[in-house]
Amino acid sequence: MADSTAKPIVRVHGLVNRFGAQVVHDGLDLEVRPNEIFGIVGGSGSGKSVLLRTILGLRRPQDGTVELYGRDIQRLSQPERLMLVQSCGVTFQNGALISSLNVAQNIQLPLREYHPMSEKALDELVQLNLSLVGLPPDAAGKYPAQLSGGMTKRAALARALSLEPKLLFLDEPTSGLDPISAAAFDELLLYLHTELKLTVVMITHDLDSVFRTCNRVGAIVEGRMITDTVDGILQNAHPWIHEYFHGPRAHAVEKGAHD
Amino acid sequence: MNALTLQQDGEGWRLCLSGDWSLASIGQIDRELGALPDSMLGTLVCDWSRAEQPGIAPVWLLLTRLSALGAGESATARLQVRHEGGPPSTIELLRKLNVNRPAALAAPSAAMPAIEGAIGELGRWVVREGAEASAAVDFFGRIVAVIGEIFSRPRALRIPSIARHIYEAGVTAIPIVALIAFLISVVVAYLGAQQLRKFGADIFVVDLVTIGVLREMGVLLTAIIVAGRSGSAFAAEIGVMRLNDEVDALRAMGLNPVELLVLPRVLALIIALPLLTVIADAMGLAGGALLSLLELHIPPAQFTVRLQEALAPTTFWAGLVKAPVFAVLIAMVGTYRGMQVRESARELGRLTTVAVVQSIFMVILADALFAVLFEKIDF
């Protein structure tokens, strides 16, 4: 699946992020290869979301570089930045759907902005994106406040997919979902990954999700990232990583996986 | 360059797809798809050999357009579609999604006749306003109930919270209230001086300013400023708490949001607004005195004497007594609108605006009623 020789799509080098005296990232390196699902794990407060915001250019790091598709995002002109932003889909932790727009309008928002077309075509594309993420057609008219947690995550994904990105960033896509919905989301992700040839960077705490979907995993430990395959990271001797993947909460997962 | 070219090909049709077929060209592709003839029978061959970088969305538009033209999977479909020349890899997926899509995508409901629509709209408005009125009465009842509760359970009176709101709505408003009261009374005194000077009745400027400030302007200006500052703050603060489920969290803990959020604000304004009014009155008189000195050369001592002659014993109280009433109106409208916020950020903005506009309106309406009342009882 993932091509280990190709040039990385995302490359973060020597990243330093500080909040006052608190050092979150201290020389963090990260490479995401084309067409892989890359999971980012880490303790609460280890800076997973900060890392995501830095990669997206929403936050300027104290030091280090971030490259998307081989381009340093700090050195882009405004039009280049816009192109790059359009080629990345992002979902935020709580969905971040615009609450005054319904699902259809949320999905159409970036389309309308960048690709003028007829209203009918816009409606057709809403239906396309809804069926891609497995939402019923009548979800289009609903407002974010009327959606369940699982539907919100799917609607956010539909919006993220609307510009046909090749690279998808997901912040805790399965948090707050029941196991059935979470499993369904994993399957959806795998399906989109295969069908649309997406590269996915996913922040997650959900070990089931990591084992089910990810090709490689990066663990943020002491401000740096330890990257390995899923099998590899299970063997890692670092105490925190061992605790994370072999702690009491992980045993059920492992048992289930080995059954 | 055309994105699609349709050719008659023996028995059927041949659709050549060429040029950029990525999302970037979707506007053009959409237009050209719309221009396809509405009746095509037989077979249609889509030739993808010259299409570059076909994106999902344009392919989807093509497929939905074709199925609207009668293309189907079954052998009996009016239009048999075949894809040739290296169709995009996603086409199978999209075809499946298109077929699984419910055929009847909620046809738009027929428009209602205008008259029927208007009557229906009126009916809905009446029902909505009725519900609104009863909700407002209900809200007022809840506040009164909590006030009643204070006597049996003094803890229901949240002193620290009241103090905080007195500070935020009262103390921090002192500079702006003082400044505006001063400036407005300077303006009124100046206008009065210009007119009264014609009759040699300069001294009556003192009457004009003092009665105007004490009876009406001091309290009314203060109430309007407070409505703009604190009415909006109350609505926005409580509104955001509603959006974060904080109000529901209080309820779930068995705490009464009216007791914790609404009553302290109401009581704080009842205390703060009269005090602010006194400050506004003082500054207004000071402004009048200053202008009298500069423009009419009435020394402060003479101003004070004339002031005491002009005022009836009740003039000051006729203004001040209105302050707590205005306070209740402003605080109640603000907190009530805040409590109504649900679902969206737009709702929060709308209701904050409504809170300010409505509380200012209510203040002025109440002031008019007071004017009539005082006139009748000769206060």
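A salt bridge is taken here as a side-chain nitrogen of Lys or Arg within 4 Å of a carboxyl oxygen of Asp or Glu. By that criterion, zero salt bridges are counted between chain A and chain B of this predicted model. Polar contacts between the two chains do occur, with six residue pairs counted, both partners being at pLDDT 80 or more.

A good place to begin a tour is the interface itself. Here 23 residues of chain A are in contact with 24 residues of chain B. The size of an interface is often given as the accessible area lost when the parts come together. For chain A and chain B the buried area is about 2,000 Å², and carbon and sulfur atoms give 68% of it. On the side of chain A, the residues that lose the most area to chain B are A:Glu124, A:Leu128 and A:Glu164, which together account for 25% of what that side buries. Two elements of chain A, α4 (119-132) and α6, each give two or more residues to the side that touches chain B. Helix α4(A) supplies the largest share of that side, with seven residues.

Helix α6 of chain A, spanning residues 179-196, also holds A:Leu192. With a relative accessibility of 1%, A:Leu192 counts as buried, because the limit for that class is under 20%. Beyond its neighbours within four places in sequence, A:Leu192 is in contact with A:Leu132, A:Leu157, A:Leu161, A:Lys197 and A:Leu198. The C-alpha atom of A:Leu192 is also separated by 8.3 Å from that of A:Val133, a residue 59 positions away along the chain.

One of those contact partners, A:Leu157, reappears in the nonpolar interior. The largest nonpolar core has 85 residues, and those with the most contacts inside it are A:Leu125, A:Leu157, A:Phe245, B:Leu17, B:Trp21 and B:Trp48. Helix α2 of chain B (residues 56-68) gives this core its largest share, eight residues. B:Trp21 offers a closer look at the surroundings of one such residue: leaving aside neighbours within four places in sequence, its contacts include B:Ala3, B:Leu4, B:Ile29, B:Trp48, B:Pro58, B:Val59 and B:Leu62. Another core, of 42 residues, lies apart from the largest one, and among its members are B:Ala181, B:Val219, B:Leu269 and B:Ala280.

Aromatic rings add a further layer to the picture, with eight aromatic pairs over all chains. In one of them, the rings of A:Phe211 and A:Phe245 have centres 6.3 Å apart and planes at 55°, so the pair is classed as tilted. A:Phe211 belongs to helix α7 (residues 207-213) and A:Phe245 to helix α9 (residues 239-246) of chain A, so this pair ties together parts that are 34 residues apart in sequence. The two partners can also be described by their accessibility: A:Phe211 is partly exposed at 24%, whereas A:Phe245 is buried, with a relative accessible area of 0%. Ring pairs link both residues with A:Trp240 and A:Tyr244 into a cluster.

The last stop is a loop in chain B. B:Val171 sits between α5 (159-169) and α6 (174-197) of that chain. Its relative accessible area of 40% makes B:Val171 partly exposed. Although B:Val171 and B:Leu276 are 105 residues apart in sequence, their C-alpha atoms are 8.3 Å apart in space.

Definitions and conventions. Residues numbered from 1 in each chain as written. Chains lettered and ligands numbered in written order. Predicted model: local features only at pLDDT ≥ 70, side-chain atom pairs only at ≥ 80, totals over all residues. Heavy atoms only, no water. Phe/Tyr/Trp six-rings, centres within 6.5 Å; stacked < 30°, edge-to-face > 60°. Helix = DSSP H or I, 4+ residues; strand = E, 2+ residues; numbered from the N terminus. Buried < 20%, exposed > 50% of the residue type's maximum accessible area, 1.4 Å probe, protein only. Contact = heavy atoms within 4.5 Å. Core = buried A, V, L, I, M, F, W, Y, C linked by side-chain atoms within 4.5 Å. Buried area = accessible area lost by both parts, 1.4 Å probe. Polar contact = N/O pair within 3.5 Å; in protein donor to acceptor, adjacent residues only side chain to side chain.
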